[in-house]
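Trainee: I would like a close look at a single part of this model, taken slowly and with its surroundings. Please start from the place I ask about below and work outwards.

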Amino acid sequence: MRYRIALIRGDGIGPEQAEATLLVLSRLEEILGLDLEIVDAKAGDECMRKTGTPLPEETIRILKSTHACLKGPVGETAADVIVRLRQMFDLYANVRPARSLPNVPSLKPNIDLVIVRENTEDLYKGYEWELDGAAIGIRLITRRGCERIARYAFELARRRRRKVIAVHKANVMRITCGLFARTCREVAKEYPDIIYSEMYVDAAAMDLIRRPEQFDVIVTTNVFGDILSDEAAQVVGGLGLAPAANIGDEYAIFEPVHGCAPDIAGKGIANPISMILSAALMFEWLSAKHGDEKCLEASRLISDAVVGALEEGRALTPDLGGNAKTIELGARIAGFIEKIKRP
Ligand code: ATP
């Protein structure tokens, strides 16, 4: 099957990461015979400067004509790009894995968790206004939103260590978090094979530092998930390694967790792994959606090659303690794909 993949290179370090990721993708095409058609689509600050809009109609048209989108970080216009795309394509599950990797300083050695964050509701819905010197924001939580994110988390746990922890603050936000907690409990009854528990968000923030290895799948609402997943990324070694997926029933967008890192942009020293691992998540999703074993193999190969390159430690970017360029680490990972497949 031929996969059409939209590529948004983004701003700042985004285009540099995209170049390194393309090396990995083309190696996968050669080695696995994957058939990829990469279609460039513009979005972000630079696009705004050139075209007057951060998210042109042409880009939306391209995304609608592709199987999935791989996206680099965008700058100041992020809310006009990714937040709009999440709503437009109903990408309700934001999935952010955090795993200890070799040669990367991590708080504990055996961390392997995934944060499943509801992606379309909560305070990020943007229902806010000012009235007579007060600022008001609406926290929208729906049963449908809670149910589908809970189900996503339980299904994911079945493919992992079979543990789901729902994170909320229902002792204070009794109505909104109450609905989330109640719905998670109801869905849990459909999954007797999964160990289910709950935790308040403040305790979860603390336990991510204290006992991160206890977590398997964390399911939570939008704002809590946003904050906890940056924390989890740091716990396992930093944003440069953190991938994310925005998943809906029909479409999905894969992107690094971090922003466009203007402080290091243009120097060619950004870590490309966050985007390369985002591509691994993309192939895993494509495999499940289209029942394609080749995509699953692509996903595994990328993850193994990242581990290989980190273990070897010959081409590490400055955030990992080395002095390699973005493109050199990308090439090294691509090299490991070949090594693993054709030893
Ligand atoms: P945003 O608010 O859009 O998330 P930000 O400016 O708060 O963006 P980031 O752009 O995510 O934050 O960057 C935070 C820090 O992490 C910066 O010092 C940046 O250089 C570093 N960083 C982010 N991504 C990478 C990467 N891929 N490689 C190396 N360092 C990175």
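Which residues surround the ligand, and which of them are the closest?

Mentor: Please keep in mind throughout that this is a predicted model. The ligand is surrounded by 13 residues, of which the closest are H258, G259, A261, D263 and N271. Three polar pairs can be described for this site. One oxygen atom of the ligand lies 2.8 Å from a polar backbone atom of A261, and an oxygen atom of the ligand is also 2.8 Å from an N or O atom in the side chain of D263. A nitrogen atom of the ligand, in turn, is 2.9 Å from a polar backbone atom of N271. Of the 620 Å² of accessible area that the ligand has on its own, the protein covers 58%.

From N271 one can step to T317, because N271 is among the residues that T317 contacts once its neighbours within four places in sequence are left aside, the others being I269, A270, P272, G322, A324, K325, T326 and L329. T317 itself lies in the loop between α10 (293–312) and α11, and with a relative accessibility of 0% it falls under the 20% limit and therefore counts as buried. Its side chain is joined to that of D319 by a polar contact of 2.7 Å.

Helix α11 (residues 326–341) also holds A334, which has 1% relative accessibility and so counts as buried. A334 and R27 stand 307 residues apart along the chain, yet their C-alpha atoms are separated by 6.1 Å. Apart from its neighbours within four places in sequence, A334 is in contact with L23, V24 and R27.

Close by in sequence to R27 is L28, which leads to the nonpolar interior: the largest nonpolar core has 73 residues, and L28 and F283 touch the most other members. Helix α9 (residues 273–290) gives the most to this core, namely eleven residues, and at least three residues are drawn from each of domain 1 (1–101 + 238–343) and domain 2 (107–112 + 119–235). With neighbours within four places in sequence set aside, L28 is in contact with G33, L34, F283, A298, L301, I302 and I337. A second, separate core of 20 residues includes L113, A170, F224 and A232. Such grouping is in keeping with a general tendency, in soluble globular proteins, for nonpolar side chains to be buried together.

On the scale of the whole protein, the domain assignment gives domain 1 (1–101 + 238–343) and domain 2 (107–112 + 119–235). Their centres, taken over C-alpha atoms, are separated by 25 Å, and the contact takes 18 residues from domain 1 and 18 residues from domain 2.

Two aspartates deserve a final look for their backbone angles. Most residues other than glycine have a negative phi. D122, however, has a phi near 70°, a positive value, and D132 has a positive phi near 45°. D122 is placed in the loop between β5 (112–118) and β6 (128–131), whereas D132 is placed in the loop between β6 and β7 (134–137). Their surroundings contrast as well: D122 counts as buried because its relative accessibility is 1%, while D132, at 80%, counts as exposed.

Notes. Residues are numbered from 1 along each chain as its sequence is written. Side-chain values use heavy atoms; hydrogens and water are left out. A nonpolar core is a set of buried Ala, Val, Leu, Ile, Met, Phe, Trp, Tyr and Cys residues joined through side-chain atoms within 4.5 Å. Buried means under 20% relative accessible area, exposed over 50%, partly exposed in between (1.4 Å probe, protein chains only). Helices (H or I, at least four residues) and strands (E, at least two) are DSSP runs, numbered from the N terminus. Domain bounds come from an automatic or database domain assignment. Contact means heavy atoms within 4.5 Å. A residue is near a molecule or strand if one of its heavy atoms lies within 4 Å of it. A polar contact is a pair of N or O atoms within 3.5 Å; within protein, one must be able to donate a hydrogen and the other to accept it, and residues adjacent in sequence count only if both atoms are side-chain atoms. Accessible areas come from the Shrake-Rupley method with a 1.4 Å probe; for residues, only the protein chains shown count as cover.
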